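Open the model in a viewer and keep the selection panel at hand. The stops below go from one chain to the next and then to the place where they touch.

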Amino acid sequence: MEVPYSAGVHHLAVADGSDCSLMELDLDKHLADAATSIEGAANLDALSEVDTVLLGKKSLITAAKRTLGDLEPDQRREVGGHLNEARATIEGLVASRRTELEAATRAVRLEVERMDLTEVDRGRRLGHRHVVTQTWDRLEDLFVGMGYTVAEGPEIEDEWHNFGALNFPLGHPARDMYDTLYVDYGEPQSTLLRTHTSPVQIRVMEAGEPPFYSIMPGRVFRSDTADATHMPVFHQIEALVVDRDITFADLAGTLETFTTAYFGAGFTSRLRPSYFPFTEPSAEFDIQRPDGSWLELAGCGMVHPEVLRAGGLDPEEWSGFAFGFGLDRLALMRHGIDDLRELFRNDHRFLSQF
Amino acid sequence: MKVLLSWLQEFAPVDGDPTVIADQLSSLGLAVESMSIVGEGLDGIVVARVLELGPHPDADRIQLVQVDTGDGEALQVCCGAFNMSVGDLVPLATLGTVMPDGMEIARRKMRGEWSNGMLCSPIEIGMGDDHDGILLLDGNLEVGHPLAEAMDLRSDVFYDLEVNPNRPDAMSVAGVARDLAAWQGVPFTLPSPDVLESGTDATDRLSVEILDPVLCGRFTARVLDGITIGPSPTWLANRLTALGMRPINSVVDVSNYVMLELGQPSHTFDLDLVAGSAFRVRRAVDGETIVTLDGVERTLIATDGVVADAEDTVIGIAGVMGGVSTEIHDGTTSVALEMAWWDPMSIATSARRLGLRSEASARFEKGADPEVADLAMRRFAELLGETGAILAPGMVDERGQTPQREPIRVRTDRVNKMLGTDLSRDRIAELLDSIEFAPEPAGDDIDVVVPSFRPDSATEIDVIEEVARIHGYGAIERTTPRSTITGSLTQRQLDRRTVRTAMIGMGLDEVMPIPFLAPGDLARAGLRVDGITVTNPLVAEESVMRASLRPGLLATLAYNASHRMTGLGIFEVGHVYLLPDQPQPLPDEREHLAVALAGSDAAAAVGVWSALADALAARDYTLAADDPAGLHPTRTARIEVAGTAVGFVGEIDPGVLDAFGVPERVAWLEVDLEILLSLPHGDKPYASVSRYPSSDIDLAFEVDDDVPAVEVEDRLRTAGGDLLVDLALFDVFRGAPVGEGRRSLAFTLRFQAADRTLTDAEVSGVRQACIEAVEGNLSANLRG
């Protein structure tokens, strides 16, 4: 059977799906109609239907393809080629229409979802670690990195650990350097609020065997009226090193290392002779700021032989150094706070800054 | 200790830029607290006489002073000090004067009254450090003369030094000069007073008996005749003024001068007034009395040291203050001069008890030089000789006990091992010799005799410190020991950090109230009142040690609320102090966590607890309704971990909130970390994750209000067994159609097996078991 064909106009004989009868298909017109219906699909669902009509099992093109077997091989190749092209064209149109419709859908959705984020910028917040805790943790981390452990002791101490074992005999005038608060526990004046973290040195020595490389942060008490630089309660950090052949040079070097690590490369340190009953030689430890000014930071020295003995150690076998300084002051310095009382007032406007 | 450079230079040719000398003093352990150039920049300051004092009509803190500047005319000055009287001579900075600090004096009105100049305090003209009052001048100065000329003020450098308790020698100009000379490597020489002696020998005129040799290590006495009491020479008065002591009269001033110069306090008695001319040194008898020089009658106790006369009447409190009965006066002709060495502890105790601490008692307390009296006596006589006093020959010198001074063996090797130095034996000896620590070589080591003015230096390590000090701390090299252990935090310390991190993560701010409470604070918070108290508090508000973190946190909320900051979430980790149940050496001190959520209800606190339990992996806990005092009786539960109570969660009792002035509801959590962190927590064995599908079912039960949700959960868990991998209460509903006094609790249960896909029959079986477990035990019924 002749199938009319001419260049420019595609005439096809197409089998009707149900009865396989052939009819003429004007391919150009079909393509044009297809383009119109694709263009007319108003949404993705409609496009899906159009897609099924044009390219599905019951579409004209699918039906026409099914009849190709009836043609001569040459004709089959040629007509098949045209059908494939037509199918590809329709597929392309559908795809591009789908892209358009998807973009439009997305645009609508995005518009619906539009938010002013400045309107919702409130609500969740992290809490704030107290500035003393932050300093405490920094110091712990620094010394742990230098090979130290962290030791603690009671805030209410006995007279022996706070004074006696630290080479302050009863009645020693050096006890007057500390304005001690006593509590009503046990014998009168036997129990006190520790005036420094140094009693933990004794507790460390009592509890273990040397070598010791420990820091001892903690809360201490003095009978002081609160002002910008004094509080009846404040915090100190103490360090104790006891090992074989520890020297004053080691103390100086350790403090220098600490100074650089904590304050920065622009800071240096010096030691000046001083007096503490529990160290000898004793020294004040000053740091020099980059602007050249000096700040007295810590008391330090070689652990006094009597203190080693009180801790159960032979001072001929072991030697060590200790230093201690105010922790709160480091916190004040770091943040430029000019009044120690702020640390303990617990004003939310203060706490939430750190 | 205050010193003038010119005075130091009388002992040693020390020299240098004033700031370099200041550094050297600091390096010697004599920290310079302040330094100033004195006697300069005083042009324009004149001697003026106070003619009249009157109140300022419009200001309480200023008075109107009329002064005469030499022309007899009254000149009005406004002044903020009130320490002068009519007739006093005072320094006046006249108009146009540029003060040492650069301020120019101009005529100006102060609250409507003209001020024609400024009256000067000692610190304003570089004399001493007193800034509380106007400098009162020697009454013999000529009114109208320039101050510097009238007072013979010379340019000088003033240092105020901080002297450590182990340096009694540095409580004297000579002691400071000795150190500085050693540092500069120049010779140090004590004065050799030039004194003529005449008259009857002192040993024939008075007697001394030491009845308590512990109290008094040495009592020396000499006699001065021909005493006339008058003003001191200007140069001497100037020095005292410069060092912050007010000139009084020739005898008192010389006594102070010698004390400042040589460190030896003295006391003068009118010899004719001392009964029997005898000095008996003993302890007081309880209840004995004496009227001291300040006119106050003092009652003594048996620990006080006294000087008594032949009739055993107390005429002075040893080392603290003399008595009125033998005080020198205008008619005094012969003076008994006492220079003693007193037991530091005795003096410290008496001075403190009597509230009479003075420059003299401070020196005795620290330990004076028992051997300087001979020199100090002659120096005293030399200085007082300028006013005609004559020293009688002879000295009565009785001794009790003074510190032993045995040679101390100082090992060269030990010095270097302690200091990390490489000093030779001879170098060490040289360093010690420069501060009069007498070295004697003993093989490789040195035997050292410590000078009498260094009672603190009694052992080898004391001497090693001196070696380091004179060698210079800065000259010791710096080495850093390599720690021979591993640095680490303990589990407890890590846990504490976890606690804080969890709190911070929930948006809570850490607070740090001080651990002192006022009496009644604990009771207001509904807590036991018998706690640990401070026996010597400065103020009552700081007299009770907290037994709970609760009062501190509530006070913090109240403070913030009063500053319009409400709705805060805060926490504290800190110690509380309890009386132990059983006797033990120290109180029961434990670390607690407390959380307060202002404006939130108990549910929020439960959420914080649950998150904390999660952070610490302490999941095996239960909440049991409880009503501890101070917490909300119907909204509080006891927290038990592994069957042990660790704290409470809920809300603060409304009555307690009122008592603390907290205006809003407060959700509350308190945990005894001591207990919690000793219970099992932390890492748990790993449970592998099932790869098989899970089945979710929802079950809603109608349950009586008084059946806790946790009981329903417990039944479900028991019945669900291993197959129940997740359980959550997702809805609570009260009201119709649920019956009165009951509520609906809706749970989601997820079932899953580790080794297989559950069959419908299995799920249905375990579901039925769960329903029966709840319905059968808790008067509950499943809702359709």
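**Stop 1: chain A**

Select chain A, where 42% of the 354 residues count as buried. This is a predicted model, and every value on the tour is computed from it. Colour chain A by secondary structure to find twelve helices and eleven strands.

Now turn chain A to see its extent. Along the principal axes, its C-alpha atoms fill a box of roughly 130 × 45 × 45 Å. The radius of gyration of chain A is 45 Å, while a compact globule of 354 residues would have one near 20 Å. If you display contacts within chain A between residues at least 6 apart in sequence, 62% of them join residues at least 24 apart.

**Stop 2: chain B**

Hide chain A and select chain B, which has 20 helices and 38 strands. Chain B is more spread out than a compact globule, because its radius of gyration is 40 Å and the globule rule gives 28 Å for 784 residues. Its C-alpha trace spans about 125 × 80 × 55 Å along the principal axes.

Of the 784 residues in chain B, 44% are buried. For contacts in chain B between residues at least 6 apart in sequence, the share that joins residues at least 24 apart is 69%.

**Stop 3: a sheet in chain B**

Stay with chain B and pick out the open sheet of five strands, ordered S5-S4-S3-S6-S9, with antiparallel pairing. Which strands stand at the edges? Select residues 75-79 for strand S5 and 118-119 for strand S9 of chain B. Each of these two has a single partner strand, so one side of each is left without a neighbour in the sheet.

Next, add strand S6 of chain B, residues 89-93, to the selection. Strand S6 of chain B runs antiparallel to S9(B), and two bridges join them. To see one residue pair, label Ala93(B) and its bridge partner in S9(B), Met118(B).

**Stop 4: where the chains touch**

Show both chains again. How many residues does each chain bring to the contact? Chain A gives 69 residues and chain B gives 74 residues. On the side of chain A that touches chain B, the largest share comes from helix H8 of chain A, residues 248-263, with eight residues.

Finally, colour that side of chain A by residue class: 34 residues are nonpolar, 21 are polar and 14 are charged.

Conventions. Residues are numbered from 1 along each chain as its sequence is written. Chains are lettered from A and ligands numbered from 1 in the order in which they are written. This is a predicted model: local features need pLDDT of at least 70, side-chain atom pairs count only at pLDDT 80 or more; totals for chains, interfaces and linings use all residues. Two residues are in contact if their C-beta atoms, placed from the backbone, lie within 7 Å. Helices (H or I, at least four residues) and strands (E, at least two) are DSSP runs, numbered from the N terminus. Ala, Val, Leu, Ile, Met, Phe, Trp, Tyr, Cys and Pro count as nonpolar, Asp, Glu, Lys and Arg as charged, and the others, Gly among them, as polar. The radius of gyration is taken over C-alpha atoms; the globule rule is 2.2 Å times the number of residues to the power 0.38. A residue is buried if 20 or more other C-beta atoms lie within 10 Å of its own, exposed if 12 or fewer, and partly exposed in between; C-beta atoms are placed from the backbone. Two strands pair if DSSP finds at least two bridges between them.
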